[in-house]
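This report walks through the chains, their domains and the places where they touch. Keep the structure open while reading.

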Amino acid sequence: MNKLVVKNGRVIDPSQNIDCVCDVAVEEGIVQHVGPEINATGCDVFDASGLVVAPGFIDIHVHLREPGFEHSETVETGARAAAAGGFTSVCCMPNTKPVNDNATVTSYIVERARRNAIVNVYPIGAITKSSAGEELSAIASMKAAGIVAISDDGKPVMNSRVIRRAMEVARSLDLPMIQHCEDLHLSAGGDMHEGQLSTRLGLRGIPRASEDVMVARDILLAEVTGVRYHVAHLSSKNSVQMVAYAKAKGLPVTAEVSPHHFVLADSDMLPYDSNYKMKPPLRDTSDVAAVTEGLVNGTIDAIATDHAPHPGDEKMQEFERCPFGILGLETALGLSLESLYHNQKITLPHLVALFTQNPARVLSLDRGTLKPGAPADITVFGLNHNWTYDVNRSASKSRNTPFHGYKFRGGPVATIVAGKIVWQAG
Amino acid sequence: MNRGLLGIEELSRTEIEQILSRARDFQPPPHQPFKRFDVLRGKSVVNVFFEASTRTRTSFEIAARRLGAETISITASGSSVSKGESLVDTLNTLGAMRPDAIVMRHAASGAPHFLSRYLPIPIINAGDGTHEHPTQALLDARTILDRTSSIEGLRVAIIGDIAHSRVARSNIHLLSKFGASIVLCGPAPLLPREMSSIATGIELTNDMRKAIINADVIMMLRVQLERQHEASFPAGEYFQFFGLRPEHVQLAKPNVIVMHPGPINRGREISSEVADSQRSAILNQVENGIAVRMAVLERVLAA
């Protein structure tokens, strides 16, 4: 059976300004029609009564760890975690081993995804060879092999001249550039946000300014080069202001935020628990308020998880020895509903846009919409059902999350990729 | 459940007073041999030192023995740690041997706090990274109280590399709980502004003379080259601007107490004249270390 009708859900598609209870008809993996009372004779039916039906969610910032770190995650397990979080597409960062800095690695990831992934996987290529920040990688051939953006995520390009050249190349190829903004000299050795708490705990700080100075530099260079520039997992109040400044100037600058940065502040950390250790670090409550406001007023375009799996033995160490990063795919929607929707910060269509239309626009993906003819990627979620996150039942290979045991109100119910139900809440 | 001693910050003033008062019972009277106590007979204490230490480790060993406990010390260089075993595995292995308490020093801030969430055995923190060194603050308080009746209202100058000092942090928490006024002083890169808000009653200055004027207590900190990850202050200028010399001591109250957690670097943070002067309480600190650690071990172990 290759016909499916998703019936009686509240269909929210910001790309078409749709917000009404109706049906979605799918055939051969393509959206046919959105409308009321669609005749479902001869079709599979998914009853979405009482649920929200949205275009498939897109996470433009994940780490799938394959090739090279398959003990942490694989394309297959990461994709299953994505589906369990309501995501139908993910964009994976190039910090694999080897680094995705050439078309061979890109093709390998694309092939692994084709065979093993139950959601769409889009690779992001490295800006520089081995992400060493010196020589440009094979950007054009990676684009031909399927990358949708370039980034040296985690190892930001420190040399301003190199990043300028990379921006020029990206601009010429119409590839967006994503930067993890961190001046590595300012942040060197740091383990958490530099502030009163880091001072008290005797942990070295990562100053807010380490993010701010690179956002500032890159916005100025984006103006020089005309590149489509995207700030990854923004965390600082100053960065939000600078992105707003760039947008006001009409520059093609966009930004994303990760759920943990609008849900948690450094003061929420369980001291020395590495499940709260990530880059950028959890900042203080004024930053949490500022990034939330940035989402509300549209300065921030997208929510992206920065899903960063690490195996237990690497996270079960002295805080300063643990790697940075936490899981994100399975909790993103629940956290966003809690902090943004139930708290009445933003409307539901706006929340859906942050996961669909907006990230699709940032990386020019032909998804994030239920327009007829679009790939039939659909996320079905509930607003009020109570559930508890049990990371021990996660589809991910790793367990590093501060949200184990969190009680959520609303979250993913079913994930449909190309017209096929790939995940349903159990 | 895990009733160890991880830091001063989480202790109440009353709890600290109990330890300090009990420590007095363990101080040997002048010119007499120390007494042996039996309160911890049959108990065993493992000292695990992941970071080099002579005085603290020895002090804990003596304290445990004077209370009748058995004690074993393990240092990182002679243990499985140097063979690449993880902290959790090392401590689980030790835990399986069922000691009654673990005394632990580690170069990483929070290492004992992290372990105490997984290990049912009480952990006594003998210094974690740049975070806390609770028994040092307790022995410093005991030393001050041996010479003066109360800590409340005293003006205490803590001078040196504040940023990297666990001695400073533990002392700040203790002194603040007792209502002392605390002046922190050091080169600007080693004196984060946030230090002024980690407890109440703290002021900051980069001028050593300002810090010392009218001080009742001067605590000098060791210049910890091993914890500095960059050149924060020209080493050659350190003694000139932040080394304690007789002319500084004259700015303080006449009965000022000069302290140092040791080991001292003569001619770097303190001059020999001051270190060996009447005002110096450095050797009293060492002596009180044993008494205070006996009180801590008894509190943790004698259930």
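Domain bounds, as used here, come from an automatic or database domain assignment. The model is predicted.

## Chain A: overall build

Chain A has 14 helices and 17 strands. Its radius of gyration is 20 Å, and the globule rule gives 22 Å for 426 residues. The two values are close, so chain A is as compact as a globular protein of that length. Along its principal axes, the C-alpha trace of chain A spans about 65 × 45 × 45 Å.

## Chain A: two domains

Chain A splits into two domains. Domain 1 is assembled from residues 3–52, 375–385 and 407–424. Domain 2 covers residues 56–362. The C-alpha centres of domain 1 and domain 2 of chain A are separated by 29 Å.

Where they meet, domain 1 of chain A gives 19 residues and domain 2 of chain A gives 22. On the domain 1 side, three strands of chain A each supply two or more residues: β15 (378–388), β16 (407–417) and β17 (420–424). β16(A) gives the most, with seven residues. By class, this side of domain 1 of chain A has eleven nonpolar, five polar and three charged residues.

## Chain B: two domains

Chain B is also divided into two domains. Domain 1 combines residues 13–132 with 286–301, and domain 2 runs over 134–283. The C-alpha centres of these two domains of chain B lie 25 Å apart.

In the contact, 22 residues of domain 1 of chain B meet 19 residues of domain 2 of chain B. Which elements of chain B supply at least two residues each to the domain 1 side? They are α1, β4 (123–128) and α11 (282–301). The largest share, eight residues, comes from α11(B). The domain 1 side of this contact in chain B has nine nonpolar, seven polar and six charged residues.

## Chain B: α1 against α5

Two packed helices are described by the angle between their axes and the distance between the axes. In chain B, helix α1 (residues 13–26) packs on helix α5 (residues 134–147). The angle is about 65°, and the axes are 10 Å apart. Angles of 65 to 115 degrees count as roughly perpendicular. α1(B) and α5(B) are therefore roughly perpendicular to each other. Their crossing is right-handed.

Which residues make the contact between α1(B) and α5(B)? From α1(B) come B:Ile19, B:Leu20 and B:Ala23. From α5(B) come B:Leu138, B:Ala141, B:Arg142 and B:Leu145. By class, this contact has six nonpolar, no polar and one charged residues.

## Where chain B meets chain A

The contact between the chains takes 20 residues from chain B and 17 residues from chain A. On the chain B side, the elements giving two or more residues are α3 (87–96), α4 (111–116) and α6 (166–177). α4(B) provides the largest share, three residues.

How do the residues of the chain B side divide by class? Eight are nonpolar, nine are polar and three are charged.

Conventions:
Residues are numbered from 1 along each chain as its sequence is written. Chains are lettered from A and ligands numbered from 1 in the order in which they are written. This is a predicted model: local features need pLDDT of at least 70, side-chain atom pairs count only at pLDDT 80 or more; totals for chains, interfaces and linings use all residues. Axes are lines fitted to C-alpha atoms, for helices over the stretch in contact, and angles run from 0 to 180 degrees between N-to-C directions. Helices (H or I, at least four residues) and strands (E, at least two) are DSSP runs, numbered from the N terminus. Angles under 35 degrees count as roughly parallel, over 145 as roughly antiparallel, 65 to 115 as roughly perpendicular and the rest as oblique. A crossing is left-handed if the near helix is turned anticlockwise from the far one by less than a right angle, and right-handed if clockwise. Two residues are in contact if their C-beta atoms, placed from the backbone, lie within 7 Å. Ala, Val, Leu, Ile, Met, Phe, Trp, Tyr, Cys and Pro count as nonpolar, Asp, Glu, Lys and Arg as charged, and the others, Gly among them, as polar. The radius of gyration is taken over C-alpha atoms; the globule rule is 2.2 Å times the number of residues to the power 0.38.
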